[in-house]
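Thanks, everyone. I'll take a few minutes to walk through one model. Please pull it up and follow along.

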Amino acid sequence: MDNSEIKKRIKQNRFAANNGMVLRTVNMLGEKYTDLEDLRYGLEPSMSESELTDCLNYLARSGYVELRDIRSHEVKHLSDADFEQLEVVVAPKGVQLLYGRNSDPCIDV
């Protein structure tokens, strides 16, 4: 196995672990929406902003979390708004995953 293959496998494993960490953290923060800025501060230094962005993109587009605009409460994706303008909450599909009712190979819970 060469260096690039090792790096790829490490990144894949870290992505699944990070997705689980983000989902558990958002769930722990409660039923109300949490500002992404607060989530980022809570996960530093365990996770970089780019890793958090990757996770939020995956979790939101897969239906595990919901992102919305802080002011308008309109549902958004990270590509639709600045990071600082969004908040997040665990969606029902994310709760099902956390409580073992379904699984996802890209999320370690």
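Arginine 40 puts its charged end over the ring of tyrosine 41, 5.5 Å from the ring centre. Keep in mind that this is a predicted model. There is a second contact of this kind to look at. Arginine 68 lies over the face of tyrosine 33, and the distance to the ring centre is 3.6 Å.

Stay with the helix around arginine 40. Helix H2 covers residues 36-43, and its buried residues are Leu36, Glu37, Leu39, Arg40 and Leu43. Where do they fall, seen down the axis of H2? They fall within an arc of 160°, so the buried residues line one face of the helix. Tyr41 and Gly42 are exposed on the other side of H2.

Next, the peptide bond between glutamate 44 and proline 45. That bond is cis, with omega at about -5°. Proline 45 belongs to the loop between H2 and H3. There is a backbone oddity in another loop too. Histidine 73 sits between E2 and E3. Its phi is near 65°, a positive value in a residue other than glycine. As background, most residues other than glycine have a negative phi, and most peptide bonds are trans. Histidine 73 has 44% relative accessibility, so it counts as partly exposed.

Now the sheet. It is open, has three strands, and runs in the order E1-E3-E2 with antiparallel pairing. Which strands are at the edges? Strand E1, residues 34-35, and strand E2, residues 65-69, each pair on one side only. E1 meets strand E3, residues 86-90, over two bridges in the antiparallel sense. In one of the pairings, aspartate 35 has glutamate 87 of E3 as its bridge partner.

On to the core. In soluble globular proteins, nonpolar side chains tend to be buried together. Here the largest nonpolar core holds 23 residues. Which of them touch the most other members? Val22, Leu36, Leu39, Leu52, Leu56 and Val88 do. H1, H2, H3, E2 and E3 each supply at least two residues of this core. H3 gives the largest share, five residues. Leu36 and Leu39 came up before, among the buried residues of H2.

Aromatics are quick. The structure holds one aromatic pair. Phenylalanine 15 and tyrosine 58 meet edge-to-face, 5.6 Å centre to centre, with 75° between the planes. Phenylalanine 15 is in helix H1, residues 3-28, and tyrosine 58 is in helix H3, residues 49-61, so the pair ties together parts that are 43 residues apart in sequence. Both rings belong to partly exposed residues: phenylalanine 15 has a relative accessible area of 24%, and tyrosine 58 has 22%.

Last item, the cysteines. How many disulfides does a search of the whole structure find? Zero. Cysteine 55 is in no disulfide, and its nearest cysteine sulfur is that of cysteine 106, 10 Å away. Why is there no bond from cysteine 106? The closest cysteine sulfur, in cysteine 55, is 10 Å away, which is too far for a bond. For reference, the cut-off is 2.5 Å between sulfur atoms. Burial of the two residues can be stated as well. Cysteine 55 is buried, at 0% relative accessibility, whereas cysteine 106 is partly exposed, with a relative accessible area of 28%.

That's my tour. Over to you.

Methods. Residues numbered from 1 in each chain as written. Predicted model: local features only at pLDDT ≥ 70, side-chain atom pairs only at ≥ 80, totals over all residues. Heavy atoms only, no water. Buried < 20%, exposed > 50% of the residue type's maximum accessible area, 1.4 Å probe, protein only. Pairing = 2+ DSSP bridges. Helix = DSSP H or I, 4+ residues; strand = E, 2+ residues; numbered from the N terminus. Arc of directions from axis to C-beta. Phe/Tyr/Trp six-rings, centres within 6.5 Å; stacked < 30°, edge-to-face > 60°. Lys NZ or Arg CZ within 6 Å of the ring centre and 35° of its normal. Core = buried A, V, L, I, M, F, W, Y, C linked by side-chain atoms within 4.5 Å.
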